[in-house]
Amino acid sequence: MKRIAIILSFMCVFLSASAQENITMKFGFLSYEAALQSMGEYALVQKQMTDLRTQYEAETKRVEDEFNAKYEDFLEGQREFPKTILQKRQTELQELMQKNIEFKQNSIQELAKAEQEAMAPLRIKLIETLGNIGRERGYAFIVDTDQKALPFINPAMGEDINQLVQNALK
């Protein structure tokens, strides 16, 4: 039984080695971000995000100005206020400050979510385009060079498909 297992192991090693000699893998490589940025819809998404960011910034400024005005009023009158009014105003300021902090945190999350949702169709289109190009050109895989995980790519084995992808996305 051991002999059969050893013979089968040697045969598998031999077959895989001989199969590897005959197989030449091709692959493509590109800058994923450059491909995204080449899409016509990308500029529109960036404009929408800038507009949304501007709205959130304007609202943040408005609530900060409102808080500052109330705080200044509090500082001016704190010596003259009776104790109960002073405590009420302090509580109002603390609540307002807490709401402002929550708004800032929520706006950061909402902006990130909006950007993900706006970019999702572009990313799907890019992935579909890469899949089509990969199948058409017989690639085993396509590598994203943006991550700098590949310090060397042999151009005899891989193909730079940046321009090909950008043309396909137009």
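A residue counts as buried when its relative accessible area is under 20%. By that criterion, 22% of the 170 residues of the protein are buried in this predicted model. The protein has five helices and three strands, and their order along the sequence is α-β-α-α-α-β-β-α. Of the contacts between residues at least 6 apart in sequence, 84% join residues at least 24 apart.

**Nonpolar core**

- The largest nonpolar core comprises 18 residues, and those with the most contacts inside it are Leu-36, Leu-122, Leu-126, Leu-130, Ile-161 and Val-165.
- Four helices each supply at least two residues of this core: α2 (32-38), α3 (40-77), α4 (83-137) and α5 (162-169).
- Helix α4 provides the largest share of the core, with six residues.
- Ile-161, one of the core residues with the most contacts, touches residues from several parts of the sequence once its neighbours within four places are left aside. These contacts are Gly-28, Phe-29 and Leu-30, then Leu-130 and Ile-133, and finally Tyr-139 and Ile-142.

**Packing of α3 and α4**

- Helices α3 and α4 pack with their axes 10 Å apart and at an angle of about 180°.
- Because angles over 145 degrees count as roughly antiparallel, α3 is roughly antiparallel to α4.
- The contact of α3 with α4 contains 19 nonpolar, five polar and eleven charged residues.

**Aromatic pairs**

- The structure holds five aromatic pairs.
- Phe-27 and Phe-141 form a stacked pair, with 5.3 Å from centre to centre and 10° between the planes.
- This pair links distant parts of the chain, since Phe-27 lies in strand β1 (residues 27-30) and Phe-141 in strand β2 (residues 141-144), 114 residues apart.
- The two partners differ in exposure: Phe-27 is buried, at a relative accessible area of 14%, whereas Phe-141 is partly exposed, at 38%.
- Phe-67 and Tyr-71 also form a stacked pair, because their planes stand at 10°, with the ring centres 6.1 Å apart.
- Both of these residues belong to helix α3, where a spacing of four residues separates Phe-67 from Tyr-71 by about one helical turn.
- Phe-67 is buried, with a relative accessible area of 15%, while Tyr-71 is partly exposed, with a value of 37%.
- Ring pairs further join Phe-27, Phe-29 and Phe-141 into a cluster. Phe-29 is also among the residues in contact with Ile-161, and Ile-161 is in turn one of the residues with the most contacts inside the largest nonpolar core.

**Gln-166 in helix α5**

- Gln-166 is located in helix α5, one of the helices that supply at least two residues of the largest nonpolar core.
- Gln-166 counts as buried because its relative accessibility is 18%, and the cut-off for buried residues is under 20%.
- Leaving aside neighbours within four places in sequence, Gln-166 is in contact with Ala-34 and Ser-38.
- Ala-34 and Ser-38 fall within the range of helix α2 (32-38), and these contacts therefore connect α5 with α2.

Technical notes: Residues are numbered from 1 along each chain as its sequence is written. This is a predicted model: local features need pLDDT of at least 70, side-chain atom pairs count only at pLDDT 80 or more; totals for chains, interfaces and linings use all residues. Side-chain values use heavy atoms; hydrogens and water are left out. A nonpolar core is a set of buried Ala, Val, Leu, Ile, Met, Phe, Trp, Tyr and Cys residues joined through side-chain atoms within 4.5 Å. Buried means under 20% relative accessible area, exposed over 50%, partly exposed in between (1.4 Å probe, protein chains only). Contact means heavy atoms within 4.5 Å. Axes are lines fitted to C-alpha atoms, for helices over the stretch in contact, and angles run from 0 to 180 degrees between N-to-C directions. Angles under 35 degrees count as roughly parallel, over 145 as roughly antiparallel, 65 to 115 as roughly perpendicular and the rest as oblique. Ala, Val, Leu, Ile, Met, Phe, Trp, Tyr, Cys and Pro count as nonpolar, Asp, Glu, Lys and Arg as charged, and the others, Gly among them, as polar. Rings of Phe, Tyr and Trp (its six-membered ring) pair if their centres lie within 6.5 Å; planes under 30 degrees apart count as stacked, over 60 as edge-to-face and the rest as tilted.
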